[in-house]
Amino acid sequence: MTPSTDPNRVLIFDTTLRDGEQSPGCSMNLNEKLEIAHALKDLGVDVIEAGFPIASPGDFESVQEIARQVHGPVICGLARCNPADIDRAAEAVKESSRPRVHVFLATSAIHREFKLRMTPEEVVRRAVEGVKRAKGYVDDVEFSPEDAARTELNFLSEVVEKAIEAGATTLNIPDTVGYAVPTHYANVIRHLKKTVRGIDDVVLSVHCHNDLGLAVANTLAALHEGARQVECTINGIGERAGNTALEEVVMALRTRQDFYGLTTGINTRFLFSTSRKLSHVTGMQVQRNKAIVGQNAFAHEAGIHQDGMLKERSTYEIMRPEDLGIPKTELVLGKHSGRHALRQRIVDLGYHLTDDQLNKVFDAFKALADRKKEVYDADIEALAENQLHNSSQKMWTLQAFTCNAGTGTLPSAAVCLWRSDGTICKDAAVGDGPVDAVFKALDRITGTHIHVVDYRIRAVTIGTDAQGEAYVEADHGGRRMSARAVSTDIVEASAMAYLEIINRLVSRQTRDRLKPTDHVPQELVPAN
Ligand SMILES: CC(=O)SCCNC(=O)CCNC(=O)[C@H](O)C(C)(C)COP(=O)(O)OP(=O)(O)OC[C@H]1O[C@@H](n2cnc3c(N)ncnc32)[C@H](O)[C@@H]1OP(=O)(O)O
Ligand SMILES: CC(C)C(=O)C(=O)O
Ligand SMILES: [Mg+2]
């Protein structure tokens with residue numbers, strides 16, 4: 001591959017299947033690698049580094065199959081500067097219509113002395129031999145002086161120049177251990193551009209690691225200095241803290257076109273799906289606050305931000321989620337949210353509340369949000385329903401209750417209710433369990449006996465702090481009545497649903513103009 005005719009076009013070299021796979025726990029089998037390779041092709045990457053063929057028979061086979069089946073991008077295999085590695089890599093990629101062999105050899109003093117045990121002269125000789133051997137198989141040869149960022153600048157220039165003379169068409173400058181910082185890395189690229197003969201005739205590439213969290217920043221600094229290939233991985237997976245995240249660098253270039261003036265061939269609408277596909281295949285979850293593809297990347301919880309978003313989304317978003325294949329921005333309702341966002345969600349959920357009802361739901365919502373990490377749509381629905389169907393004056397309101405239950409104890413409950421005339425009524429009861437005990441205490445206070453014919457509990461939201469919905473169905477003189485209530489405490493939800501039925505009986509009685517007794521409606525006096 002030679003430099004693009006468009007000087008502003010950045011080549012995207014994806015190494016998810018090679019360096020990415022070096023993440024502990026991210027090994028992929030043949031079918032998984034093929035699935036990801038097809039996704040990378042659809043995403044529009046220019047080069048797929050499909051593996052390190054000498055590493056194992058399985059890796060060889062994966063690179064070979066990708067070379068056979070995935071058409072469009074260059075298919076690349078990695079090799080040390082060893083004849084056996086290079087022969088194996090060339091064999092693996094040979095059926096691709098666009099094969100590349102990528103040879104590497106460390107150049108830093110630390111690696112030369114302690115790992116390779118080679119003199120600088122030997123390093124140069126082996127690098128040249130490696131490039132020439134690869135060149136015997138394919139035209140497209142990439143050379144990487146491993147640990148370039150810690151290599152003496154003059155020696156780095158010498159190795160790079162010799163590799164170009166030997167036939168390398170892409171010169172990749174790795175910050176293997178994530179040691180670089182942006183200004184330093186930019187200086188390295190500037191130095192090479194200035195000192196290496198032939199550098200403008202090859203593709204100058206960068207490969208950064210994220211040990212200091214600077215992989216993307218270093219990559220962008222290098223692009224600013226004229227590098228035109230970026231080595232990166234989906235979700236930034238890779239050795240140790242990972243590699244430059246493809247989605248981050250691509251979106252930085254796209255979003256700051258005004259600054260960099262550079263383009264890529266990536267179809268950004270596939271970024272999110274490719275990210276999720278990789279997570280699914282590797283089992284490595286994307287952290288929630290990960291840039292671009294994290295669950296929170298387009299989620300807003302703060303009321304002031306949500307208000308801004310509802311008025312004009314560019315107030316708080318620099319990218320459009322749909323450009324990444326993310327369905328939409330999420331306004332997450334939580335304790336930091338305000339009325340604008342709550343009203344919008346209530347309308348989206350199909351409810352029409354008056355301002356007064358909305359204010360009441362808002363108060364209940366804030367109280368709930370103080371108890372929960374996140375308030376879900378089901379919570380809002382439950383609050384709105386509660387408001388719509390309970391806005392009339394109720395005879396009884398639950399003020400407090402306690403219950404006792406456990407192996408070897410007698411389940412009991414003490415309940416305190418407000419009556420609509422302002423009096424407080426208390427009583428206690430024992431039962432078959434805490435819910436039964438609460439129901440019996442409610443019966444005693446209100447003087448009713450509700451014949452429960454169905455009772456169910458279900459989690460309406462997710463997590464251990466989920467809202468539990470209690471459903472109570474009662475038979476009263478042949479008439480069925482049911483009620484639901486929601487709370488993070490299922491006994492409280494049960495008590496509220498049960499009390500709701502009692503209140504409805506009371507208001508029905510009132511509507512029917514049946515005169516209540518002093519304490520409870522006549523109709524509700526328990527029948528013996
Ligand atoms: C920065 C990077 O990401 S480089 C890529 C790293 N990826 C991997 O290592 C994953 C795949 N690796 C493997 O499966 C194995 O390491 C293999 C098959 C490649 C080699 O296994 P082994 O032959 O048992 O060697 P081992 O890995 O223990 O040691 C590496 C050897 O390669 C040498 N070596 C390292 N890099 C290079 C190089 N670029 N060119 C030539 N020799 C090299 C080391 O000096 C060491 O040689 P020695 O045995 O003479 O001391
Ligand atoms: C093989 C090379 C390019 C590498 O992964 C590194 O140096 O980090
Ligand atoms: Mg690497």
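What covers the buried residues of helix 9? The answer includes strand 1 (11-14), helix 8, strand 8, helix 10 (257-260) and helix 11 (271-282). Here, helices (H or I, at least four residues) and strands (E, at least two) are DSSP runs, numbered from the N terminus. A residue is called buried if 20 or more other C-beta atoms lie within 10 Å of its own, exposed if 12 or fewer, and partly exposed in between, with C-beta atoms placed from the backbone. Helix 9 spans residues 246-255, and 8 of its 10 residues are buried, so the helix is largely enclosed by the rest of the structure. Those buried residues are L246, E247, E248, V249, V250, M251, A252 and L253.

A word on ground rules: this is a predicted model, in which local features need pLDDT of at least 70 and side-chain atom pairs count only at pLDDT 80 or more, while totals for chains, interfaces and linings use all residues. Residues are numbered from 1 along each chain as its sequence is written, and chains are lettered from A and ligands numbered from 1 in the order in which they are written.

**The overall layout**

The domain assignment gives domain 1 (11-282), domain 2 (299-389) and domain 3 (396-524). Such bounds come from an automatic or database domain assignment. Taken over C-alpha atoms, the centres of domain 1 and domain 3 are 67 Å apart.

**The barrel**

Now for the strands, where two of them count as paired if DSSP finds at least two bridges between them. Eight of them make a closed barrel: the 8 strands run 1-2-3-4-5-6-7-8, with parallel pairing. From one strand to the next, the twist averages 25°. Axes are lines fitted to C-alpha atoms, for helices over the stretch in contact, and angles run from 0 to 180 degrees between N-to-C directions. Helix 3 (residues 83-93) packs on this sheet and touches strand 3 (74-80) and strand 4 (99-106), its direction making about 165° with that of strand 3. "Contact" between two residues has its own cut-off: their C-beta atoms, placed from the backbone, lie within 7 Å.

Look along the barrel to strand 7 (residues 203-208), which runs parallel to strand 8 (residues 229-232) and is joined to it by 3 bridges. Here V206 sits opposite V230 in strand 8.

**The open sheet**

There's also an open sheet of 3 strands, in the order 11-12-13, with antiparallel pairing. Its edge strands, each pairing on one side only, are strand 11 (396-404) and strand 13 (424-430). The twist in this sheet averages 15° from one strand to the next. Strand 11 is joined to strand 12 (residues 412-419) by 8 bridges, the two running antiparallel, and T402 has A414 in strand 12 as its bridge partner. Helix 16 (residues 434-446) lies across strand 11, strand 12 and strand 13, at about 40° to strand 12.

**The cores**

A nonpolar core is a set of buried Ala, Val, Leu, Ile, Met, Phe, Trp, Tyr and Cys residues joined through C-beta atoms within 7 Å. The largest one has 101 residues, and I48 and A163 touch the most other members. Helix 8 (residues 215-224) supplies the largest share of this core, 7 residues. Setting aside neighbours within four places in sequence, A163 is in contact with A127, V128, V131, F143, A168 and L171. Apart from this core lies another of 49 residues, among them A341, L342, F365 and L505.

**An annotated site**

The UniProt annotation "binding site", from an unreviewed entry, covers D19, H207, H209 and N243. They are spread over 225 residues of sequence, yet they cluster in space, with a largest C-alpha distance of 10.2 Å. UniProt positions are given in the numbering used here, feature names are shortened, and annotations may be inferred rather than shown by experiment.

H207 is found in strand 7. Leaving aside neighbours within four places in sequence, H207 is in contact with S144, N172, P174 and E231. H209 lies in the loop between strand 7 and helix 8. Beyond four places in sequence, the contacts of H209 include D175, R240 and N243.

**Two unusual backbones**

Most residues other than glycine have a negative phi. Two residues here go the other way:

| Residue | Phi | Location |
|---|---|---|
| D147 | about 60° | loop between strand 5 (141-146) and helix 6 (153-165) |
| R240 | about 55° | loop between strand 8 and helix 9 |

D147 is buried, with 23 other C-beta atoms within 10 Å, whereas R240 counts as partly exposed, with 13 C-beta neighbours inside 10 Å.
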